[in-house]
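Got the viewer open and the selection box ready? Here's a walk through the model, one selection at a time.

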Amino acid sequence: MIRFRSRVGIVLFFFLFLIHPLPASGEDSQGGADWSEEFTFDAGEFKKSPFEWGGFLQLNASHTRFHKGSSFYRLNFFDQDQDAGKSLAGISLQPDLTWQEGSFKAFASASLEGSASEGEWEDDFTLLEGYASWQATPKFSLSAGKTLLRWGKGYAFSPVAFVSRDKNPSDPDLALEGFWIVAADLVYSLPGTLKTLAFTGILLPVDGDVNEDFGQEEDLNWAGKIYLLWHDTDIDLMALSKGSRTSRYGADFSLNILSNLEVHGEWSLVSDSTRKVIAPDYSATVKTSDAQNYLLGIRYLTPAETTFIIEYYRNGQGYTEEETETFFVLVEDATQTQLGELRDLSAPYQKPNFMRDYLYIRASQKEPFGWLYLTPAITSILNIDDGSYNVIPEILYTGVTNLELRFRLNLLAGEEGTEYGEKLNRWKVEGRARYFF
Amino acid sequence: MKTKSLKTAILILLLGMWAFPALALDGNEILLKVDRNLNPESYEMYRKLINIEPDGTRKEFVLYTVKKGRDKMIALFLSPASEKGRATLRQEDNMWLYIPNVGKPIRITSLQSVVGGVFNNSDLLRLDYSVEYEVTSIREEGDLYHLDLKAKTGAVAYDRLEMSVSTEALIPVTIKCFASTGLLIKTLHYSQIKEFADGILRPSVLETDSPLQKGYRSVMLFSDIKAREFADEVFTLNYLPKVDELR
């Protein structure tokens, strides 16, 4: 078994190796600037062909250091031997293919992932999207197939994303898998203060293997979204019918109140939202109530090109501090048999950000100190209810054309009995290299 | 009596205009002509952007651009592969960026730069100069008009421009861009006049440098500029992910 220090060393070596050739980076590197150079450009080589493909190949490596005294460590590993840490090396390919002829288009994007950890190899294939569309007129289009819809204006959280899978707030830009839907899009441009009015209608069936993870009830669900560009403000109103999920309604907005300050918000009402709460006698009670989720955020760009994203998120469907404390005490006091029962019941408690009030803060600085193509950033998610938090420093390098290198550390901190204090991990270091083609 | 005085006044005015032609110059009219000489009001075009660092290292981007009327514009990245599919939309002072992986448009500002280098978003999504600026003074010197331009609103990226325009071709030669503090932000240099489709005769190269980024420069090359009409609905967030279908 490789010792922990060696594993961290491998991860660091991997990235130092990738970063080492940076001084020679850049497309068409030259020995010096030629200020009298004649430039030419022929767009002919960029003319469109019916078939186009692209995507990226990714290598990634990570090491996770477990928090052995935490509730989630005890819950997940009480019946097995587990090292203090876990290293993982992975490779993934995310290709996409587009075909277009006139107003008809077909698009497919897939993810092929393989990873090795503790001597075991796992692989996975996921069709992220696969749909056909018809742009009948610039005003009207129809599409059918597996489609990713990202409703909402929030960066880390999106309470109004009724027809999407949950994004990871610690890495919200990661690709997500779509759902099988039929969609119609109708859009009008208008003179005056209401500049755009658009309607999107969605049919989403849950039947057998189709969209089985959208909800347990087989049904033909519909959703709709109205978009307005009104007084230079983006406004969306959305709804999801009662079916495989309970009905829900929402709204969002985004506007620039200054040229370098954007404000956004989301609100949603989830009817008959259910929460599985574990009682002190280790039984699960399902609590049903209408829940309101909302978000208010800003994006601010300073003259020195530091971008701040700050979002407050209220998760009305989350657990209260009391319910969470009860759960952690139960895990602490549980026998082996009770831990087995708890593990089966605890899925909702193991979701990211399962409590009520959060503050997301991200600051990124473009090319500080003249370091070209480097963007350092620091992100933190604070659980306002219990004061626990994570901190994610990261560095992104894009100096080599079509190559993106990212290195990040995820540190978790919190008292005993708090969300981040009881997480499985104490810290995680990870790096990835993406080559786009 | 009144009619006679009016006739005399008009005569004096006409004589004055003949005697002092510079007084007859209408800066805003010249600016309108400059705009139309640079491109039709609605058009499509391809552009290559080259960012050049002091050591000669380069980054190149290719964009497909469409514009309609006075205030609607889209730029779609075709190359490099890491940027392909990104699209920026401008509607008056509103700007959005769509990134395929992120999947939803986000609002951006004119002073940001989605490509790095000396060009910022307002250079990439530049509307007609006459839409954003008012000519405050004009003078003729040799074969150039010198126009002083003032931004019509505070949302415009540069508060003031000093534009030198060829008197013969009515095409800009250099444009100095200033902040409201008077600080020179960058200088744009148009060159290499070339004939495009529909008889458009205009510079095919735009270079820029900035005292704020000494040693760096960015170059924009123009190709396949064609007049083309688009529906208004093309310039909406709903259409933004589909812009490539216009090509």
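Which residue in β11(A) stands opposite A:Leu258? Select A:Leu258 and look across: the residue facing it is A:Leu261. One thing to keep in mind as you click around is that this is a predicted model.

**Stop 1: two hairpins in chain A**

Widen the selection to strand β10 of chain A, residues 248-258, and strand β11 of chain A, residues 261-278; they run antiparallel and are joined by 10 bridges. Together β10(A) and β11(A) make a hairpin, with two residues between them.

Now keep β11(A) and add strand β12 of chain A, residues 284-301. This pair is antiparallel too, with 16 bridges. For a spot to zoom in on, pick A:Glu262, which has A:Arg299 of β12(A) opposite. Then go to the turn: the hairpin of β11(A) and β12(A) has five residues between the strands, and A:Tyr282 has a positive phi there, near 65 degrees. If you show side chains here, remember that in a regular strand they alternate between the two faces of the sheet.

**Stop 2: chain A as a whole**

Zoom out and select chain A. You should be able to count four helices and 18 strands. The C-alpha atoms fill a box of roughly 75 × 55 × 45 Å along the principal axes. How does the radius of gyration of chain A agree with that of a compact globule? For 437 residues such a globule would come out near 22 Å, and chain A has 24 Å, so the two agree. Of those 437 residues, 33% count as buried. Looking at contacts in chain A with a separation of 6 or more, 54% come from residues 24 or more positions apart.

**Stop 3: the cores**

Jump over to B:Leu63, B:Ile74, B:Leu76 and B:Leu147. Within the largest nonpolar core, which has 65 residues, these four touch the most other members. Try B:Leu76 by itself: leaving out residues up to four places away in sequence, it touches B:Leu63, B:Tyr64, B:Ala87, B:Val243 and B:Asp244. Apart from that core lies another, of 19 residues; to find it, select A:Val160, A:Phe162, A:Val206 and A:Met238, which are among its members.

**Stop 4: where the chains meet**

Select the contact between the chains: 47 residues come from chain B and 45 from chain A. On the chain B side, the elements giving two or more residues are β1 (43-52), β2 (58-68), β3 (72-79) and β13 (217-227) of chain B. Color that side by class and you get 18 nonpolar, 14 polar and 15 charged residues.

**Stop 5: color by confidence**

Last, switch the coloring to pLDDT. Overall, the model scores ipTM 0.85 and pTM 0.86.

- Chain A has a mean pLDDT of 90, and 92% of its residues reach 70 or more. Strand β9 of chain A (residues 233-240) is the high point at 98, while helix α1 of chain A (residues 4-19) is lowest, with a mean of 44. Residues 1-33 of chain A stay below 50, and this stretch has 45 contacts in the model beyond near neighbours in sequence.
- Chain B averages 87, with 90% of the residues scoring at least 70. Among its elements, strand β8 of chain B (residues 144-151) has the highest mean pLDDT, 96, and helix α1 of chain B (residues 2-19) the lowest, 56. Over residues 17-23 of chain B the score stays under 50, and the model has five contacts for them beyond four places in sequence.

Terms used
Residues numbered from 1 in each chain as written. Chains lettered and ligands numbered in written order. Predicted model: local features only at pLDDT ≥ 70, side-chain atom pairs only at ≥ 80, totals over all residues. Pairing = 2+ DSSP bridges. Core = buried A, V, L, I, M, F, W, Y, C linked by C-beta atoms within 7 Å. Buried ≥ 20, exposed ≤ 12 C-beta atoms within 10 Å, placed from the backbone. Contact = placed C-beta atoms within 7 Å. Nonpolar A, V, L, I, M, F, W, Y, C, P; charged D, E, K, R; others polar. pLDDT = per-residue confidence, 0-100. Rg over C-alpha atoms; globule rule 2.2 N^0.38 Å.
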